[in-house]
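Here's a quick tour of one chain, from its overall make-up down to a single helix. Have a look at it first.

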Amino acid sequence: MKDLIIISSSGQPVASSRDIAEHFGKEHKNVLRDIDNLIGGLPNFEHTPMFFKTTYIHQQNGQAYPMYLMNRDGFTLLAMGFTGKEALE
């Protein structure tokens with residue numbers, strides 16, 4: 001995860017859903033779907049925010065699209081559901 005980490009404005013290390021999709025060879029829309037499913041199953045999500053929904057600006061068309069930033073716990077929870085060679089590494 002070392003190459004996926006960025007530092008948020010609060011100083012907490014986080015990973016973006018876009019970087020995770022690229023690293024694991026998945027489509028970003030599928031990573032977003034997986035995160036939404038995880039959030040739906042978390043009890044008291046408001047009190048333990050592992051995922052922060054935000055947007056990014058697409059370089060080619062200038063439009064805003066959704067993405068998530070997640071802390072280490074959120075990343076671990078998400079990555080546990082991944083399979084394949086990239087997940088095993």
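What follows is a short report on the fold, the core and helix 2.

This is a predicted model, with local features needing pLDDT of at least 70 and side-chain atom pairs counting only at pLDDT 80 or more, while totals for chains, interfaces and linings use all residues. Residues are numbered from 1 along each chain as its sequence is written, and side-chain values use heavy atoms, leaving out hydrogens and water.

The chain has four helices and four strands, in the order β-β-α-α-β-β-α-α from the N terminus. These are DSSP runs (helices H or I, at least four residues; strands E, at least two), numbered from the N terminus. Of the 89 residues, 31% are buried (under 20% relative accessible area, with exposed over 50%, using a 1.4 Å probe and protein chains only).

Now the inside. The largest nonpolar core (buried Ala, Val, Leu, Ile, Met, Phe, Trp, Tyr and Cys residues joined through side-chain atoms within 4.5 Å) holds 16 residues, and Ile20, Ile35, Phe51, Tyr68, Met70, Phe75 and Leu78 touch the most other members. These elements each give two or more residues to this core:

| Element | Residues |
|---|---|
| helix 1 | 17-24 |
| helix 2 | 28-41 |
| strand 4 | 64-70 |
| helix 3 | 72-79 |

Helix 2 gives the most, with four residues.

So which residues of helix 2 are buried? They're His28, Val31, Leu32, Ile35 and Ile39. They cover an arc of only 100 degrees around the axis, which puts them on the same side of helix 2 (the arc is that of the directions from the helix axis to the C-beta atoms). The face turned away from that buried side carries the exposed Lys29, Asn37, Gly40 and Gly41.
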